[in-house]
Amino acid sequence: MRSPHPIQAGVLPLVASSVVLAALLVPVPPALAADVACSVTYTTNDWDTGFTASVSLRNDGAALDSWQVGWTFPDGQKVQQGWSATFAQTGAAVTATNLSYNGHLGTGASTSFGFNGTKGSANRPPTDFSVNGSACTGANKAPTVSLTSPTSTGTYYAPATIPLAATAADTDGTVSKVEFYAGDTLLATDTAAPFEGSWGNVPAGTYSITAKAYDNKNASTTSNPVSVKVLSGPTIVATPATAQVKQGGTTTFGVTLAGAPTSSVTVAIAKTGSSDLTATPTSLTFTPANWNVAQNVTVSSADNGGALGSATFTASSNGYTAATVTVSEISASTSDYQVEFLKQYNKIKDPNNGYFRKFGNILVPYHSIETLMVEAPDYGHETTSEAFSYYLWLEASYGQITGDWTPFNAAWTSIETYAIPSAADQPGNSGYNASKPATYAAEYPSPKSYPSQLQTGVAVGSDPIAAELKAAYGSPDVYGMHWLLDVDNIYKFGHCEDGTNTAPAFINTFQRGSQESVWETVTQPSCDVLKFGGKNGYLDLFTGDSSYAKQWKYTDAPDADARAVQVAFQAEKWAAAQGKGSDVAAVVKKASKMGDYLRYSLFDKYFKKIGNCVNPSSCPAGSGKDSEHYLISWYYAWGGSMDSSSAWAWRIGDGAAHQGYQNPLAAYALSADAGLKVTSATGASDWATSLGRQMEFLQWLQSSEGGLAGGATNSWEGQYGTPPSGTPTFYGMFYDQAPVWHDPPSNQWFGFQTWGMERIAEYYQATKDARAKKILDKWVPWAIAGTTVGAGGSFQVPSDLTWSGAPDTWNATSPGGNTGLHVTVKNYSTDVGVAASLSKTLLYYASGSGNAQAKTVGEQLLTALSANADTQGIAVPETRTDYNRFDDAYNATTDQGPYVPAGWTGTMPNGDPINASSTFTSMRSFYKNDPQWPKVQSYLDGGAAPTFTYHRFWAQSEIATAFAAHVALFG
């Protein structure tokens, strides 16, 4: 799954073009050859015929009483007006001499000056700076440093003593000292090699250790972090911590050691509680070779028909902290699918399995248990609004099964606390002008065309819902989830670039057109106060302007918010059937509020009129609702100023809609359900219209075979361009085979078929809408024909799809048959999440229609999934050939690799450089400390593609909720 990537254009966000040259220079004036050292940084902001230059001078040598910086322009540039220095120019040669107040520069002191100039044939930066008449011949380079102890594979027990060691070098000087840190806490300092230290009496916990090296000119570099876990002592791990067993049946739990022993360890299994429950074997042996390989203990329930009992099983060994597992009997008549749900639920919620990070009493789901993970998120311990919505779904199913709605409410608390930006995290909304919601900037197919210039001359429409939302909820703030968070703060942006380990941290990646894959992104903070990145933070990588302001910006993935509404609808029904409607009423109301703001996804990006928009200047600005296409688009976004004394804000929708994002059940709930019907003046009406429009859209996109094609856009290529002649339209929007995302194409993944069709099937089961049944009646046989379920847990489902042709132009009164639109299955996979989503689709369709084949195949898929269980969930190995892109630099021929404009330089918070030579890994050097990295490195060195067994949160929750769906639908 890939989430949205708008150009987040605002009122004062971002530089037309800039050249940044960070030149670290060592001049040698005749009288002070041994004492003078300096650094000069020269940057420009350009416009059509001129530019503004900023020059910073730092004195790294003996004190100077005066200075004169000289250089030669390479392209005939001319200084016109300067400040903070006296300028003289003869031909191409320029000097800038100090004024009376800034001539003295002590060692380590800095000053800056600047000027406006005219361009010559180009505007390349000077390369021959001098100070006080002497040529600069060298560059002061920062030292290098690498942490050698501790390592991420080490095991420590509290109170621990952790040895610290690092290697450091400096190519043009000496290393003056190395400091060791845990987070921001200084642990030790060493001023001579070998650089070593020790951290004693360390309590149990997880710590991020770094080394920071300084050279003799006070330049510094911080090493890649190493994550270290300190245990309370030698520890036994048993998972899941809670289990259920049908009376007369069996269940299992797994046992491992937390760290490698020096010799064999015997673990005894003891029981307290019901005599009806017994465990075998009663002892396990672990060696230094198999200590982390789970050994299963089978718990059997006596088939005696007596009262249901429970027992606690303790795994213990001398010198080890014991582990306990509580097993409870459930009725022998309990559905096997309910048992499977509880097994899967217990694994996901087991703290030992690592699906969540706990902040106080609030759980935040990771994207995956595993950290080395690149797909839509570029790190496994990030999270998405998608994961939050699946967390809500998991707990709704738990409430359905058990009648306990406390975890469901806790899941929404997690969403509201961490996924929805607080009022403090979106200041400046008071300055939002709904009559001019944003400034236009074109999207481009390739990142190499960025930054994209803001174009104030292109008219944008007015925002017709801002006032009624503020009236309904009493706040100018937006109530929607931002799509991407750095849960462990691995990038070190912290909260609004506060430079601490504050976590989770709002971040973003995709920002530069349809060709930008995850391998080509530059991760940036959602709150950019210009502290990290380049001279303008990260802003001038994306949008060009004449100046930059500190700002925040968030992107909503509408399918996740719509899923949260969908789940709230089901939870409301399930709780009401239990007589517990009041238990979920507060969350249902908040989901309704989220759905009201979700309407921003129903509008064109710049609120231009819908239909036949083929030129940004002539495409008319919208007013009222004529900019509303009523489809759930790929994103909506909002942002604003950090300075409350100069408040401004912007909001955009999106003109591109994908079939896989539509959610007719959410539209139905928000327009017609008593608990979820939105309260704003026109919100319910908008969602009622959206419901009908979505159903038409999905019918329009259905191929001859049954699969649904990509989508449509009101802004061809994101710039209101002209599509190829003959392109079909839907209410004037142009058919787009792969809307928004081209690497790989967004219509390729079969998961977008199952995600979207599952919602249609739920909607059909709840309402019996014949429009939904018509689509399902054609799609289900096609999907079943591509699905195979064998013995022993073997299965395959479609993976990648190939498309040809196009739909007929939509005629609402006489829809075409789409005889020219075709899909074929390119290949197949054992994707457990997609298989579960397909199963759920088939089960809801079967419940609504009575189709026996759909029910059978849905159940067969669940049975196959159960056979692939492990101690952490249900998963199968997968080989990642795309991981050869870790070390790809930008290639102009293939237009792949992370593109950074020539001359743009900056750094990530940990010091990783960002420049035209950057690779995915060079901007994320933390990956090389991951325990799984050697598998990738071997592949990059010419070995076989690495294989991983991933436990993605959404997929594991999809499986659990599929089991629960069977219980809800068939008892």
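**Note on two sheets and one loop residue**

1. In this predicted model, strands E32, E33 and E38 make up an open sheet of 3 strands, arranged in the order E32-E33-E38 with mixed pairing. Strand E32 (440-441) and strand E38 (543-544) lie at the edges, and each has a single partner strand, so one side of each is left without a neighbour in the sheet.

2. Within this sheet, strand E33 (residues 452-455) and E38 run parallel and are joined by 2 bridges. Ser452 is the residue that stands opposite Thr543 in E38.

3. A further open sheet consists of 3 strands in the order E11-E13-E16, and its pairing is antiparallel. Its edge strands are E11 (144-149) and E16 (195-202), each of which pairs on one side only. From one strand to the next, the twist averages 25°.

4. The pairing of E11 with strand E13 (residues 160-169) is antiparallel and extends over 5 bridges. Thr144 has Ala169 in E13 as its bridge partner. As background, the strands of a sheet pair through backbone hydrogen bonds, in either a parallel or an antiparallel manner.

5. Gly805 merits separate mention. This residue is located in the loop between strand E48 (801-804) and strand E49 (822-825). Gly805 counts as partly exposed because its relative accessibility is 44%, and that class lies between the cut-offs of under 20% for buried and over 50% for exposed.

6. Gly805 and Gly820 are 15 residues apart along the chain, while their C-alpha atoms are separated by 5.3 Å. When neighbours within four places in sequence are left aside, Gly805 is in contact with Gly820 and Leu821, and also with Tyr735 and Gln737.

Terms used: Residues numbered from 1 in each chain as written. Predicted model: local features only at pLDDT ≥ 70, side-chain atom pairs only at ≥ 80, totals over all residues. Heavy atoms only, no water. Pairing = 2+ DSSP bridges. Helix = DSSP H or I, 4+ residues; strand = E, 2+ residues; numbered from the N terminus. Axes fitted to C-alpha atoms, helices over the stretch in contact; angles between N-to-C directions. Buried < 20%, exposed > 50% of the residue type's maximum accessible area, 1.4 Å probe, protein only. Contact = heavy atoms within 4.5 Å.
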